[in-house]
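Reader: Hi! I am a first-year student, and I would like a close look at one part of this model: the place where the two chains touch. Could you also show me how that part fits in with what surrounds it?

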Amino acid sequence: MEKKATREAYGAALAELGAKYNFLVLDADLAEATKTIVFKKQFPERFFDCGIAEGNMMSVAAGIATTGTPVFASTFAMFAAGRAFEQIRNSIGYPHLNVKIGATHAGITVGEDGATHQCNEDIALMRTIPGMTILNPADAVEARAIVEAALHIDGPVYMRFGRFACPIFNDAESYKLEVGKGVVLADGTDVTLVATGYMVHLALEAREMLAKEGISAAVINIHTIKPIDATLLSSYAKKTGALVTAEEHSVIGGLGAAVCETVAGECAAIIRRVGVEDKFGKSGPVPALLEEYGLTAQHIYEEAKKALELKK
Amino acid sequence: MDNAKRNALTEAAKNIRLGILKGTHSAGSGHPGGSLSIADILAYLYIEEMNIRPEDPKWEDRDRFVLSKGHTAPAYYATLAERGFFPKEELATLRKIDSRLQGHPDMKNIPGVDMTTGSLGLGISAACGMALAGKVAGKSYRVYTAVGDGESEEGQVWEAAMFAAHYKLSNLCVILDWNGLQIDGPVAEVMNPTPHDEKFRAFGWHVITIDGHDFDQIEAAFAEARSVTDKPTAIIAKTVKGKGVSFMENQVGWHGKAPNAEQYEAAVAELNA
């Protein structure tokens with residue numbers, strides 16, 4: 001299966017969509033890494049480097065958006081959701097402005113740069129801002145689609161992209177994105193695997209492992225973490241009674257938390273969460289990090305087995 | 001400046017000050033000190049300087065104003081009411097539960113407010129964004145923003161200063177309200193950000209220093225700012241915190257305290273004298 005980092009798709013999508021839509025792009029001295037460089041090369045007069053000053057960049061983006069021109073503001077997730085949280089909340093979120101935040105290098109798959117750059121908290125932070133849409137694509141095809149979708153959303157959007165190449169399992173020709181709708185990638189009756197971003201293809205692998213033991217697992221891709229597809233999640237919680245969430249993010253405040261919050265008010269179901277436990281990341285090659293932090297198909301499989309045991 | 005113009009500005013500034021007192025007294029909270037210090041500059045901006053249409057507050061070619069020192073919203077609201085963006089009677093609803101006059105400016109609900117502010121340091125950056133977008137779109141509008149001297153302790157103010165000079169935002173004009181006081185005491189004692197003129201100049205700005213209560217100097221400064229074509233302008237306006245109400249002038253305690261009934265009456269009487 002072809003592999004590509006979602007940040008690559010982000011840069012390519014900006015360059016492609018730049019011909020069709022009027023918008024500006026900002027970066028904070030990371031254009032080579034966030035891939036906004038691809039847009040810059042094509043539309044230099046619509047690209048503005050803000051230097052290493054992320055707080056200013058977010059408020060500048062807000063000011064641009066007040067004039068009616070949508071704007072993408074890009075940096076690493078750590079410096080967007082982390083460093084510039086308050087600017088995003090007060091300059092962008094509160095006035096509900098059309099700023100699209102392209103946050104790359106999210107999660108543990110940053111790899112060798114280590115804990116200071118591995119942002120496992122961004123979803124948690126962004127979820128608390130009223131009116132913020134959070135999109136987290138599972139592959140490059142979906143990543144391209146969310147960039148265009150973001151332009152059609154009235155208000156702020158936080159888009160989460162990864163540095164590490166991941167398998168492309170969606171079909172570029174037929175793929176259709178519906179913001180706010182979970183995607184049932186595979187149906188099942190015993191347990192539901194609810195995954196987002198990099199973990200989606202691993203959930204599909206875990207489903208195969210469970211199938212070998214005669215366990216029927218549904219797999220749902222949640223590309224829109226906010227607003228979350230409460231209807232779909234509740235229906236699968238009722239149908240299977242057991243869920244496993246999987247995300248490349250802290251187990252605190254992210255997809256797992258959102259699923260618990262959503263389902264808890266609707267029905268009784270066992271929910272197990274796969275994600276980065278309550279600790280910081282560290283340097284290392286990505287495969288070794290994924291293994292050490294439990295972000296694997298094997299771990300999803302094991303948690304599904306536990307959920308099935310607890311459901312009895 | 002001829003006498004008729006000066007008299008009109010003086011009258012507008014007095015009304016703005018009365019509005020500040022009305023709002024904060026009615027709310028029982030708010031920030032009169034820094035509102036009174038910026039009143040003359042706001043009067044000049046909204047009566048003389050800015051190209052705006054109160055009947056069409058979102059007119060896309062309008063000049064913009066961002067109150068980066070957002071806590072002085074009472075002055076902003078009183079100015080907008082004075083210029084006809086909404087009825088003056090509404091000033092008495094400041095900070096009340098069903099009022100659109102929030103404690104800090106809210107662009108979504110208040111006619112004439114161009115940017116939501118309140119958290120210090122963010123407004124000047126947003127003003128940079130407006131100015132940049134104007135340049136990119138080939139618009140001739142100008143962007144004004146008022147920054148507090150205490151606010152200039154925020155690092156983001158200098159990130160914005162770097163940005164504005166780098167992109168030659170000559171359509172941007174910062175007014176630094178140099179009233180010398182912040183919540184914890186004199187600005188020079190809490191965390192001295194001076195000299196502002198040399199700092200802005202070093203960042204690549206055109207700098208003008210004036211008495212922020214002298215309409216002739218205010219007029220000359222804005223005219224000079226409009227003539228600069230290759231860099232943003234910072235007007236360092238020396239002001240008096242609490243200006244116009246003698247018992248509030250230069251008193252740290254009036255940064256964030258509302259006048260009670262007796263104080264309100266005395267202040268109104270003094271302004272009307």
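Author: Happy to help; we begin at the contact between the chains and then walk outwards into each of them. Please keep in mind that this is a predicted model.

Let us start with the contact itself. On one side, 24 residues of chain A take part, and they meet 24 residues of chain B. Two elements of chain A give two or more residues each to this side, namely helix 4 (54-66) and helix 6 (85-93). Helix 4 of chain A makes the largest share, with nine residues. What kinds of residue does chain A bring to the side that touches chain B? They divide into ten nonpolar, 13 polar and one charged.

Now zoom in on helix 4 of chain A. Two packed helices are described by the angle between their axes and the distance between the axes. For helix 4 of chain A and helix 5 (residues 155-166) of chain B, the angle is about 70° and the axes are 9 Å apart. Angles of 65 to 115 degrees count as roughly perpendicular, and therefore helix 4 of chain A is roughly perpendicular to helix 5 of chain B. The crossing of helix 4 of chain A with helix 5 of chain B is right-handed. You can pick out the residues that make this contact: Gly55(A), Asn56(A) and Val60(A) come from helix 4 of chain A, while Gln156(B), Glu159(B), Ala160(B) and Phe163(B) come from helix 5 of chain B. Sorted by kind, the residues of this helix contact are three nonpolar, three polar and one charged.

Helix 6 of chain A, the other element named above, leads us to a backbone detail. In the loop between helix 6 and strand 5 (99-104) of chain A you will find His96(A). His96(A) is not a glycine, yet its phi is positive, at about 55°.

Next, step back to see chain A as a whole. Chain A is divided into domain 1 (3-167) and domain 2 (183-311). The C-alpha centres of these two domains of chain A lie 25 Å apart. Where they meet, domain 1 of chain A gives 27 residues and domain 2 of chain A gives 29 residues. On the domain 1 side, the elements that give two or more residues are helix 7 (122-127), strand 6 (133-135), helix 8 (140-152) and strand 8 (166-167) of chain A. The residues on that side comprise 13 nonpolar, nine polar and five charged.

Further along chain A, five strands form an open sheet in the order 9-11-10-13-14, with mixed pairing. At its edges are strand 9 (183-186) and strand 14 (270-276) of chain A, each of which pairs on one side only. On average, neighbouring strands of this sheet are turned by 25° against each other, direction ignored. Inside the sheet, strand 10 (residues 191-195) and strand 11 (residues 217-221) of chain A run parallel and are joined by five bridges. One bridge to look for pairs Thr192(A) with Ala218(A) in strand 11 of chain A. A cis peptide bond, with omega about -5°, joins Lys226(A) and Pro227(A). Pro227(A) sits in the loop between strand 12 (224-226) and helix 10 (230-240) of chain A.

Let us cross over to chain B. Here, too, there is an open sheet of five strands, in the order 1-2-3-7-6, and its pairing is parallel. Strand 1 (64-67) and strand 6 (206-211) of chain B each have a single partner strand, so one side of each is left without a neighbour in the sheet. Neighbouring strands of this sheet are turned by 20° on average, direction ignored. Strand 6 of chain B pairs in the parallel sense with strand 7 (residues 233-238) of chain B over six bridges, and the bridge partner of Val207(B) is Ala234(B) in strand 7.

Chain B also has a helix pair of its own to compare with the one at the chain contact. Helix 1 (residues 3-27) and helix 3 (residues 73-82) of chain B pack at an angle of about 125°, with axes 8 Å apart. Helix 1 and helix 3 of chain B are therefore oblique to each other. Their crossing is right-handed. Among the residues in this contact are Ala12(B) and Gly19(B) of helix 1 of chain B, and Tyr77(B) and Ala81(B) of helix 3 of chain B.

How values were computed. Residues are numbered from 1 along each chain as its sequence is written. Chains are lettered from A and ligands numbered from 1 in the order in which they are written. This is a predicted model: local features need pLDDT of at least 70, side-chain atom pairs count only at pLDDT 80 or more; totals for chains, interfaces and linings use all residues. Axes are lines fitted to C-alpha atoms, for helices over the stretch in contact, and angles run from 0 to 180 degrees between N-to-C directions. Helices (H or I, at least four residues) and strands (E, at least two) are DSSP runs, numbered from the N terminus. Angles under 35 degrees count as roughly parallel, over 145 as roughly antiparallel, 65 to 115 as roughly perpendicular and the rest as oblique. A crossing is left-handed if the near helix is turned anticlockwise from the far one by less than a right angle, and right-handed if clockwise. Two residues are in contact if their C-beta atoms, placed from the backbone, lie within 7 Å. Ala, Val, Leu, Ile, Met, Phe, Trp, Tyr, Cys and Pro count as nonpolar, Asp, Glu, Lys and Arg as charged, and the others, Gly among them, as polar. Domain bounds come from an automatic or database domain assignment. Two strands pair if DSSP finds at least two bridges between them.
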